[in-house]
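Subject: Handover of a predicted structure

Dear colleague,

I am passing the structure shown below to you for your files. Please look it over first; a description of what was found follows.

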Amino acid sequence: MTKMRKLNRTDAHRISMLRTMVSQLVKHERIETTVAKAKEVRRQADKMVTLGKEGTLCAARRAAAFVRGDDVIHKLFTELAYRYKDRAGGYTRMLRTRIRVGDAAPMAYIEFIDRENELREPKPPAPQPPQRVPLDPWARSRLCQQFASPKKEKSESDL
């Protein structure tokens with residue numbers, strides 16, 4: 001099972017459900033579903049945003065073959081492509097919310113990041129440590145000897 005979770009559905013039902021959920025995610029930018037479904041929707045939604053960033057006719061046809069609705073295609077190739085033009089991946093976020101009452105299934109929100117009214121504020125990027133220039137082996141050896149602890153000499157009482 002390396003390609004996709006089965007989600008206890010037939011192939012046609014599973015593909016149809018994922019197409020609808022990805023389309024609704026693009027349209028509304030946040031949906032609530034079970035955790036297992038959210039993990040699968042996240043994979044497909046990231047692929048669709050990547051196609052939107054390509055912006056070619058081939059990419060538009062490939063995206064149109066998966067998602068439903070012309071308004072969804074338009075949003076993928078205009079608004080979302082512009083929003084994530086500098087991002088290299090990870091366009092969605094999954095936030096676990098509650099346990100569903102009927103069957104105790106863990107629920108989660110899946111949403112696009114960097115948007116208005118999102119549930120969680122993004123963390124500021126961590127500052128990068130300054131780059132150190134590598135030392136040549138001789139200088140490094142001398143530095144190690146300089147900071148090494150002094151060696152104890154064996155005395156006759158230790159023997």
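The crossing of helices α3 and α4 is right-handed. Please bear in mind throughout that this is a predicted model.

**Helix α3 with helix α4**

Two packed helices are described by the angle between their axes and the distance between the axes. For α3, which covers residues 57–64, and α4, which covers residues 70–83, the axes come within 10 Å and cross at roughly 140 degrees. Why are α3 and α4 classed as oblique to each other? An angle must be over 145 degrees to count as roughly antiparallel, and the axes of α3 and α4 cross at roughly 140 degrees; the two helices are therefore oblique. On the α3 side, Ala-59, Ala-60, Ala-63 and Ala-64 make the contact, and on the α4 side Ile-73, Leu-76 and Phe-77 do so. By class, this contact consists of 7 nonpolar residues, with no polar and no charged ones.

One residue of this contact may be followed further. Ile-73 belongs to helix α4. Is Ile-73 buried or exposed? Its relative accessibility is 16%, and buried means under 20%, so Ile-73 counts as buried. Setting aside residues up to four places away in sequence, Ile-73 touches Ala-63, Ala-64 and Val-67. Ile-73 also lies 8.9 Å from Val-26, C-alpha to C-alpha, although 47 residues separate the two in sequence.

**Helix α2 with helix α3**

Helix α3 also meets α2, and the axes of this pair come within 8 Å and cross at roughly 155 degrees. Angles over 145 degrees count as roughly antiparallel, and α2 and α3 are therefore described in that way. The crossing of α2 and α3 is left-handed. Met-48, Leu-51 and Glu-54 of α2 meet Ala-59, Arg-62 and Ala-63 of α3. This contact comprises 4 nonpolar and 2 charged residues, and no polar ones. Ala-59 and Ala-63 thus appear in the contact with α2 and also in the contact with α4.

**The sheet**

How are the strands ordered? The model has an open sheet of 3 strands in the order β1-β3-β2, with antiparallel pairing. The edge strands are β1 and β2, the latter spanning residues 92–99, and each of them pairs on one side only. On average, and with direction ignored, neighbouring strands are turned by 25 degrees against each other.

Strand β1 is joined to β3 (residues 106–112) by 5 bridges, and the two run antiparallel. Within β3, Glu-111 is the residue that stands opposite Arg-30. On the other side, 6 bridges connect β2 with β3, again antiparallel. Here Thr-92 stands opposite Phe-112 of β3.

Strands β2 and β3 form a hairpin with 6 residues between them. Ala-104 lies in the loop that links the two strands, and its phi is positive, at about 60 degrees, although it is not a glycine.

Two helices lie across the sheet. Helix α1, made up of residues 11–28, lies across β1, β2 and β3 and runs at about 145 degrees to β1. Helix α2, made up of residues 35–54, likewise lies across β1, β2 and β3, at about 165 degrees to β2.

**Two further residues**

Thr-34 is located in strand β1, which spans residues 30–34. With a relative accessibility of 13%, Thr-34 counts as buried. Apart from neighbours within four places in sequence, Thr-34 is in contact with Arg-100, Ala-105, Pro-106 and Met-107. Of these contacts, Pro-106 and Met-107 fall within the residue range of β3.

Asn-8 is found in the segment before α1. Is Asn-8 buried or exposed? The relative accessibility of Asn-8 is 78%, and this residue therefore counts as exposed. Its phi is near 55 degrees, a positive value in a residue other than glycine.

With kind regards

Methods. Residues numbered from 1 in each chain as written. Predicted model: local features only at pLDDT ≥ 70, side-chain atom pairs only at ≥ 80, totals over all residues. Heavy atoms only, no water. Helix = DSSP H or I, 4+ residues; strand = E, 2+ residues; numbered from the N terminus. Buried < 20%, exposed > 50% of the residue type's maximum accessible area, 1.4 Å probe, protein only. Contact = heavy atoms within 4.5 Å. Axes fitted to C-alpha atoms, helices over the stretch in contact; angles between N-to-C directions. Parallel < 35°, antiparallel > 145°, perpendicular 65-115°, else oblique. Left-handed = near helix turned anticlockwise from the far one by under 90°. Nonpolar A, V, L, I, M, F, W, Y, C, P; charged D, E, K, R; others polar. Pairing = 2+ DSSP bridges.
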